[in-house]
Amino acid sequence: IVFQWYNLRVKKLFIGLIGFIGLIGLISKPVTAIYEPLSVPNNKFGIHILETTEIEKAAELVNSSGGDWGYVTIPIRANERDLLKWTAFMEKATEKHIIPILRIASFPVDDHWMAPNEYDLVDFANFLDGLPWPVKNRYVVVYNEPNHDGEWGGFVNPSEYARVLDRAIDIFHKRSPDFFVISAGMDASFDPYSYYQKMLAAWPDVLDKVDGLSFHAYGNPAFSTYPSSYNPVNILSYRYELGYLGNPKKPIFITEAGWKNGGWLKNAFENFWRDENIVAITPFLLNAQTQPFMDFSFINQNGDFKPFALEIKNMSKTKGEPIIANVNKNILIEKPANNREVSTSFSFALLWNKISDIINAWTGK
C-alpha cells in the first residue's frame with residue numbers, strides 16, 4: 001500500500017513537471033501577434049518623408065478627403081537613433097493618425113551607404129521596441145535597394161542580404177511579436193531577378209518568413225513613362241517581381257514610386273495600383289528643395305502642395321481603422337477574425353497555479 005501511494009505521488013509529480021516545462025516553453029516562445037493589415041478598413045494612401053518634422057504636412061495629404069490613418073515611410077539611420085526625436089515622432093503620429101513604416105538604414109560614406117552588420121540589427125530592435133508606436137503593427141523595412149551597389153557598401157551581395165534579412169526577422173520577432181518585418185524594395189533598373197535567384201539559392205525560405213514585401217514602382221525609363229506602358233521597370237514592375245517569386249500571398253508595400261513632376265500619379269492610384277494585396281503606397285517624396293530629388297517633391301519652395309499633389313490630396317480616401325497599440329504589454333489585445341496567430345501574454349497567475357498543482361501532486365492534497 002505504501003509503495004502504491006508513493007508510486008501514485010511520483011506519477012502525479014512527473015505529470016505536473018511536464019506541464020510546468022510546457023508552460024515555460026509557451027511563455028518564453030516568441031509568437032507572431034501581428035494582424036493582417038487588410039483585415040480592417042485600410043487607407044492605402046501614404047507618402048515618403050525624410051525628416052520626422054514633416055509628419056504634420058504628410059497628414060494633410062494622406063488623411064484628406066475622408067481619409068484617416070494613412071501611411072508614411074521614413075528612413076532611420078544607425079547613427080541617428082535619438083530617443084527624444086523618435087519618441088516625439090511616434091507621439092505626433094498617434095496624434096495625427098499616421099501609420100509609420102520605418103526603413104532601417106546604415107549611413108552614407110563617400111559615394112555609398114555602409115554595408116549593415118548584425119550588431120546594428122540588435123540595436124535597432126532594442127531601440128525601436130522602446131518607442132510608443134501608434135498602432136499594434138510595427139512596420140519595419142529591412143534596408144533599401146540592396147541590388148544597387150551604392151546602397152550596400154559599394155558592392156552587390158545577394159547571399160549576404162538574404163542572411164541579414166533572415167537574422168533581422170528572427171531578431172525583431174524575438175524582441176517583440178508586434179514587429180511586422182518587410183523585405184527591402186529593389187531597384188527595378190538593376191535586374192532584381194538574378195538578385196532574387198541568388199538570395200533564394202543561399203536562403204531558400206527567407207521570403208517565406210517575412211511578414212510583407214516592399215517594392216519600388218517608378219515611371220521608368222527616365223521617370224517619364226506613361227503608366228499603361230507595362231514593362232519590368234515601370235510603375236507595375238512589382239507585378240513582374242511577384243510573378244518571378246511565384247506570386248506569394250503576402251501584404252504588399254509600395255514604399256517608393258512616382259515620376260518627375262508628379263507625372264500620372266492620380267491616374268496610377270485610380271487605375272493601376274489596385275491589387276488586392278496592396279497595403280500602402282508611399283510615393284517619393286514629400287519635400288525636397290535641392291537636387292537630385294527636387295523634381296519629385298510634392299511641396300514647392302513656398303511650402304505649398306504642387307498641383308499634382310493637390311490632385312492626390314483631393315482624391316477620395318478610406319477611413320482607416322487599424323488596431324491601436326496597447327501601452328500595457330501584459331494585456332492581451334483582441335485580434336480581428338483574419339489574424340494569423342494569437343498573442344500570448346505572460347501570466348504570473350497561470351504560472352503560480354501550475355506550481356501549486358505540482359506541490360499538491362507531491363503532498364497528496
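**Nonpolar cores, cavities and the packing of helix 6**

In this predicted model, the largest nonpolar core comprises 75 residues, of which Ile-104, Leu-128, Phe-172, Met-199 and Trp-273 touch the most other members. Helix 5, spanning residues 158–175, supplies the largest share of this core, with eight residues. Apart from it lies another core, made up of 16 residues that include Val-40, Trp-69, Ile-101 and Ile-323. In soluble globular proteins, nonpolar side chains tend to be buried together. When residues up to four places away in sequence are left out of the count, Leu-128 touches Ile-76, Leu-102, Ile-104, Trp-133, Arg-138, Val-140, Phe-172 and Phe-179.

Four cavities of 30 Å³ or more were counted, and the largest cavity has a volume of about 60 Å³. Ile-104 recurs in the lining of the largest cavity, to which Arg-103, Ala-105, Ser-106, Trp-113, Met-114, Pro-116, Tyr-143, Asn-144, Glu-151 and Trp-152 also belong. Seven of the lining residues are nonpolar, two are polar and two are charged, and strand 3 (residues 98–105) gives the most to this lining, with three residues.

Met-199 lies in helix 6 (residues 192–202), where the buried residues are Pro-192, Tyr-193, Tyr-195, Tyr-196 and Met-199. Because these buried residues fall within an arc of 155 degrees when seen down the axis of helix 6, they line one face of the helix. The face turned away from the buried side of helix 6 carries the exposed residues Lys-198 and Ala-201, whereas the buried residues are covered by elements including helix 5, helix 7 (206–209), strand 8 (213–218) and helix 8 (237–244).

Conventions: Residues are numbered from 1 along each chain as its sequence is written. This is a predicted model: local features need pLDDT of at least 70, side-chain atom pairs count only at pLDDT 80 or more; totals for chains, interfaces and linings use all residues. Side-chain values use heavy atoms; hydrogens and water are left out. A nonpolar core is a set of buried Ala, Val, Leu, Ile, Met, Phe, Trp, Tyr and Cys residues joined through side-chain atoms within 4.5 Å. Buried means under 20% relative accessible area, exposed over 50%, partly exposed in between (1.4 Å probe, protein chains only). Helices (H or I, at least four residues) and strands (E, at least two) are DSSP runs, numbered from the N terminus. Contact means heavy atoms within 4.5 Å. On a 1 Å grid over the protein atoms alone, a cavity is a set of points where a 1.4 Å probe fits but cannot get out, and a pocket is an open set with protein on both sides within 12 Å along at least five of seven lines; lining residues have an atom within 4 Å of a point. Grid points are joined across faces, edges and corners, and a volume is the space filled by probe spheres set on the points. Ala, Val, Leu, Ile, Met, Phe, Trp, Tyr, Cys and Pro count as nonpolar, Asp, Glu, Lys and Arg as charged, and the others, Gly among them, as polar. The arc is that of the directions from the helix axis to the C-beta atoms.
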